[in-house]
Amino acid sequence: MAALIEVASPHSAPTAAPRHAIRILLRSPMGAIGAAMLLLALVVAVAAPLIAPYDPYETVHVTIEDIYQKPSLAHPLGTDDAGKDVLSGLIYGARVSLLVGFSAASIALLIGGLIGIVAGYRGGRVGSALMRFTDFFLVIPDLALSIVIVAIAGQSLTNIILVIGALGWTTTARLVRSQTLSVRERKYVLRARAIGAGDRHILRHHILPQVLPLMLANMVLVISLAVLAESTLAFIGLGDPTVISWGQMLNFAFGRGAVSAGAWWALLTPGFAIVWVVLGTTLLGTALEEALNPRLKRHYLEKDRSLAIPPRSAADLALPAPTRDPNGPILQVRDLAIEFESPGGLLRAVDGVSFDLRRGETIGLVGESGSGKTTAMLGMMRLLAPGGRVVGGEVLLDGEDVLSLPDAELRAVRWSRISVVFQGAMNALNPVRTVGDQVAEAIRVHEPGVGRDVPRVRAEELLERVGIGRRRFDTHPHAYSGGMRQRAMIALALACRPEVIVADEPTTALDVMVQAQIMELLASLGREMGMGTILVTHDLGVVASSCDRVLVMYGGRIAEEGPTSTLFSDPQHPYAQMLLASFPDIAAPDRELRGIPGTPPRLDAMPPGCSFAPRCPAAFDRCRIERPDDYRVAEGRRAACFLLDPEASHRG
Amino acid sequence: MKGRAAYLASRVGWALLTIFVVVTFNFLLFRILPGDPARNVSKDPRLTPATVAALTVRFGLDKPVLINTESGNPFDSQYFIYLGSLTRGDLGISYAFRDRSVGELLGGALVNTLWLILPAQILSIGLGMVLGLLAAWRRGRSLDVSALTFSLFMWSLPTFFLGIILLFAGSSWFGLPTAGRITVGAEFGSYWEELADIGRHLLMPTLAFTLVLLGEYMLIMRSSVVEVFSEDYILTAKAKGLTTFQIIRDHALRNAMLPMVTLIAINLGFTVSGAIQIESVFSWPGLGSLTVSAVRDRDYPVLQGAFLLLAIAVVIANLLADLVYGWLDPRVSEA
């Protein structure tokens with residue numbers, strides 16, 4: 001399914017480039033609001049002597065009557081427990097909060113960054129010792145420890161900054177370590193090391209540029225934590241008594257009768273000043289993190305937005321209109337079209353795919369990565385990755401359109417009538433449930449009437465049948481080998497005796513011997529149970545040995561279709577010809593192998609005419625303007641290429 | 001089963017090591033930093049020299065700090081005496097309450113703190129998981145957006161400030177008490193009346209604590225559920241024809257709980273800091289209030305004991321979380 005995700009998001013870099021990140025940040029309202037809030041606090045702090053109506057450090061003119069005065073023109077936010085102007089205190093308090101926030105965060109970042117880079121870059125014993133050290137600090141309750149230290153060492157601003165900084169570095173260290181680790185293993189760093197670059201060079205030119213932007217985002221969040229920590233210490237009575245801070249204003253007001261005097265202004269305003277700064281930094285930090293490290297935005301359980309649009313009338317010259325005949329093909333796909341949402345608009349990944357699958361037949365769907373094979377198969381069952389949807393076509397299973405079924409009926413069709421052998425069975429099986437239970441679950445869901453014991457018995461038989469053995473029923477997937485997992489996936493796919501089975505690259509990443517066994521197993525079980533099988537693969541050897549018919553896909557369309565033997569011996573579409581020429585043939589070992597020059601088109605840059613035209617040696621003007629329809633080549637054979645247009649004069 | 005035993009042993013070993021480091025760190029902290037208790041006792045101008053000498057001997061402050069190199073017994077030092085008394089559960093005697101042992105003070109306070117922490121933790125974990133799950137499922141919809149906004153705001157609100165707001169609101173609108181555990185001097189007709197009075201005192205602190213914890217748990221659960229919902233095995237479950245409810249219950253919940261368990265454990269430090277703040281706002285006589293009053297009185301034995309107790313509690317809670325994790329995730333314990 002990795003290919004599918006590549007299709008959905010053309011950018012695959014894990015961390016966006018810094019310049020790109022700034023663009024995203026500026027467009028995010030969260031980041032802009034946060035930055036503005038923080039900027040205002042900074043301006044107030046710097047300009048405090050200019051804008052504060054009174055000097056809060058000046059106490060000479062205060063009298064008893066001034067205590068807890070309501071807001072008035074002279075005191076816009078009233079007065080506090082000592083009769084001082086609350087607004088002036090707030091303005092000067094911004095200085096302390098921001099000073100502590102920035103200084104403590106710098107200390108934390110320095111410690112955390114150093115520990116993280118060393119742990120990530122050196123790895124091994126030093127790395128794990130440093131991470132143990134970090135874990136230890138993560139466990140210590142930090143407020144309790146800072147209370148103890150400030151109480152013993154003395155309540156000065158310097159001590160408070162040092163304590164908050166020295167206890168606030170753990171998240172930074174973990175973050176920097178994992179980023180360093182991942183950068184260290186990237187290809188260009190390994191290459192630089194291979195040609196003899198020293199540690200200093202690699203750190204300066206490869207690690208730091210990737211780690212610093214992340215640290216910047218993290219710093220913003222650490223500042224918010226430091227501001228919170230300072231105000232908490234001050235509220236508890238451990239602030240520096242010589243300076244005015246918001247936490248201390250709250251401490252005095254709360255401790256000296258503001259609640260009973262009803263002096264809400266003295267209590268609420270310093271609190272909301274803290275919220276202002278912390279909210280601003282949090283918004284900015286979250287937006288920065290989001291911009292640098294775009295998270296997964298969509299998931300599989302979001303509502304299916306597939307639309308069933310009737311097929312275009314002029315299409316499908318070579319295929320008959322679908323029939324509802326019970327003896328006809330089990331699966332008839334007509335003009336299936338699938339689109340994906342992307343930042344640049346909708347991308348068409350599958351564009352008018354049509355084919356038939358007869359009962360008991362095995363067809364091969366071949367093509368390069370990104371040609372839309374897997375997407376077409378998942379779209380058929382309305383199982384597209386988030387952001388993808390079926391925008392047209394028909395999928396008739398035994399005469400019934402799967403695309404227009406209501407949800408409950410669709411669920412009944414899934415697995416009991418069409419099932420899938422997913423590629424990469426490691427991730428396709430749930431790691432925290434036993435393999436046998438996952439097989440039995442399919443039977444339990446689709447045949448609720450069979451009772452409690454039958455699903456287990458049948459699942460055990462299936463495991464036996466695919467060569468795993470019933471003794472491994474209660475084992476979790478991680479304890480299986482790759483080949484065993486693939487077998488388990490096949491057992492799972494067969495659990496409800498489906499009429500159609502889609503095998504998506506069932507043997508990729510397995511060694512050749514196991515590949516052959518799995519294919520043999522799939523083919524024999526398919527014949528035995530009378531299932532129609534669609535084998536999605538890029539391995540032409542597997543197709544030659546196990547498929548009755550072949551569909552060659554390119555750029556989201558079917559380029560050519562035909563019986564395996566004739567298509568392999570006499571391919572008509574230039575792409576099919578070149579694909580076959582690039583594959584070794586045991587029967588003709590002396591034949592020269594030729595790769596296909598160029599790369600498949602990107603979805604966001606599809607050529608206007610035939611999608612293969614840019615790579616096609618036989619392309620002429622018409623191919624670059626008009627899209628070729630299917631042309632019937634012989635009985636049961638078709639190809640989408642203007643070279644086969646009987647009405648046009650052939651060139652070359 | 002060999003894997004499970006090894007996992008268990010390594011986690012217990014790590015916890016014991018951490019506790020040992022915490023104990024030593026705690027001992028050294030109070031002797032290295034300026035203003036250590038020895039000097040503090042001897043500088044008190046109210047005490048006569050004879051009393052100072054007696055106190056110095058009583059607290060063992062005349063002995064070497066780490067290792068006794070003078071007498072024949074190297075273990076006759078402050079550190080080993082401290083370790084020895086710890087194993088007997090003897091944490092010393094409070095400076096501020098001269099006749100009461102630190103252990104006794106801490107024990108009473110711990111019970112009160114648990115009264116405060118446990119209901120809030122249970123409520124916030126339960127609510128946080130449900131709301132986080134719903135927000136992830138309805139990602140980008142109004143429920144999700146309001147959950148995120150709430151979490152963001154809760155994160156930015158200092159715990160003590162939320163406590164003050166609720167105390168203000170509770171006392172002026174609902175006539176709830178503002179301080180303490182129980183109405184002072186009140187006579188109760190039955191045990192239930194007494195319990196109801198304690199409940200009235202607990203209402204606002206518990207609400208404040210729940211709200212503070214809820215935002216964070218909700219956020220963690222949400223991101224962990226979104227992560228799980230994007231896994232390939234969820235696609236398999238969907239292809240198998242399971243309903244959304246079945247997928248969530250049988251395939252997503254347990255997997256999404258894994259990061260939750262770890263983060264609840266890591267968050268315990270945060271819980272302790274929340275307890276300290278809420279207890280000092282509501283004058284709830286727990287460990288947090290005891291710590292703050294010990295700071296005010298410079299009551300070092302109590303401060304030392306309270307910190308040790310809090311740190312060890314967090315270590316043990318982390319150990320429990322590790323064990324739950326191993327039980328939830330077969331990959332950890334079954335290898």
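Me: Which residue does A:V421 stand opposite in β7(A)?

Reply: Happy to help! This is a predicted model, where local features need pLDDT of at least 70, side-chain atom pairs count only at pLDDT 80 or more, and totals for chains, interfaces and linings use all residues. Residues are numbered from 1 along each chain as its sequence is written, while chains are lettered from A and ligands numbered from 1 in the order in which they are written. In β7(A), A:V421 stands opposite A:A503.

Me: In which sense do β6 (residues 418-421) and β7 of chain A pair?

Reply: Strands (E, at least two residues) are DSSP runs numbered from the N terminus, and two of them pair if DSSP finds at least two bridges between them. For β6(A) and β7(A) there are four bridges, and the sense is parallel.

Me: And what is the bridge partner of A:V500 in β8(A)?

Reply: β8 (residues 532-537) of chain A also pairs with β7(A), over five bridges in the parallel sense. The partner of A:V500 there is A:G532.

Me: How many residues of β7(A) are buried?

Reply: A residue is buried if 20 or more other C-beta atoms, placed from the backbone, lie within 10 Å of its own. A:V500, A:V502 and A:D504 on one side of β7(A) are buried, as are A:I501 and A:A503 on the other. The count for this strand, residues 500-504, is five of five.

Me: How many residues of chain B are in contact with chain A?

Reply: Contact means that C-beta atoms, placed from the backbone, lie within 7 Å. Chain A brings 60 residues to this meeting, and the number from chain B is 64.

Definitions and conventions: Contact = placed C-beta atoms within 7 Å. Buried ≥ 20, exposed ≤ 12 C-beta atoms within 10 Å, placed from the backbone.
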